[in-house]
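Me: I'd like to learn how to read a structure like this one, feature by feature. Can you walk me through it?

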Amino acid sequence: QVQLVESGGGLVQAGGSLRLSCAASRSIFSINAMGWYRQAPGKQRELVAAITAGGSTNSAGSVKGRFTISRDNAKNTVYLQMNNLKPEDTAVYYCNAVLATMTFAVPREYWGQGTQVTVSS
């Protein structure tokens, strides 16, 4: 079973920064794309940012210029650098990956367990 292990969430004041990390465990054959979603209380889960194997990125308009997604292919890890955080960024952040493993070569979607990000005003 693939695990996406997230870290880096926490409590920060508005204007502060946090860096989220997500590492895919287990024998990975290939990763098509990795990304971050978030879900605030009472709201639907939404895409924050995503990055393809080739390095192309996509991000939500609300985080452009503040959040940066990057990945380390050698470590099967994706990062989300979040700067100038706002109270409206408060949510549970979930790592997402579309990948194939050594034992199951067809790419599938996987989710992390989520990490809480709380921004105080």
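Reply: Sure, let's begin with the sulfur bridge. The torsion about the S-S bond of C22 and C95 is about -80°, so the disulfide (a pair of cysteine sulfur atoms within 2.5 Å) is left-handed. C22 sits in strand 3 (residues 18-24) and C95 in strand 9 (residues 91-101), so the bridge ties together parts 73 residues apart in sequence. Strands here are DSSP runs of E, at least two residues long, and helices are runs of H or I, at least four, both numbered from the N terminus.
One caveat early on: this is a predicted model, where local features need pLDDT of at least 70 and side-chain atom pairs count only at pLDDT 80 or more, while totals for chains, interfaces and linings use all residues. Residues are numbered from 1 along each chain as its sequence is written, and side-chain values use heavy atoms, with hydrogens and water left out.

Me: How far apart are the sulfur atoms of C22 and C95?

Reply: In general, a disulfide is a covalent bond between the sulfur atoms of two cysteines. Here the sulfur atoms of C22 and C95 are 2.0 Å apart, and the count comes to 1 disulfide.

Me: Are C22 and C95 buried or exposed?

Reply: Look at relative accessible area with a 1.4 Å probe, protein chains only: buried is under 20%, exposed is over 50%, and partly exposed is in between. C22 and C95 are both buried. Over the protein chain, buried residues make up 41% of the 121 residues.

Me: What does the secondary structure of the protein chain come to?

Reply: You get 0 helices and 11 strands, so to speak an unbroken run of β when you read along the sequence. The radius of gyration of the protein chain is 14 Å, close to the 14 Å from the globule rule for 121 residues, so the chain is as compact as a globular protein of that length. That radius is taken over C-alpha atoms, and the rule is 2.2 Å times the number of residues to the power 0.38. Along its principal axes, the C-alpha trace spans about 45 × 25 × 25 Å.

Me: Which residues is S7 in contact with, leaving aside its neighbours within four places in sequence?

Reply: Contact means heavy atoms within 4.5 Å. S7, in strand 1 (residues 4-7), touches R19, L20 and S21 by that test. S7 counts as partly exposed, at 39% relative accessibility. For the protein chain, take contacts between residues at least 6 apart in sequence: 56% of them join residues at least 24 apart.

Me: Which residues other than glycine have a positive phi?

Reply: Two cases to look at are N76, with phi near 50°, and N84, with phi of about 50°. N76 lies in the loop between strand 7 (67-72) and strand 8 (77-82), while N84 is in the loop between strand 8 and strand 9. N84 is partly exposed, at 41% relative accessible area.

Me: How much space lies in the largest pocket?

Reply: Rolling a probe the size of a water molecule over the atoms shows where empty space is left. On a 1 Å grid over the protein atoms alone, a pocket is an open set of points where a 1.4 Å probe fits, with protein on both sides within 12 Å along at least five of seven lines; lining residues have an atom within 4 Å of a point. Points are joined across faces, edges and corners, and the volume is the space filled by probe spheres set on them. The largest pocket holds about 150 Å³. It is lined by 13 residues, and R38, K43, E46, E88 and D89 are the closest to its centre. K43 is exposed, at 57% relative accessible area, and is found in the loop between strand 4 (28-39) and strand 5 (46-52).
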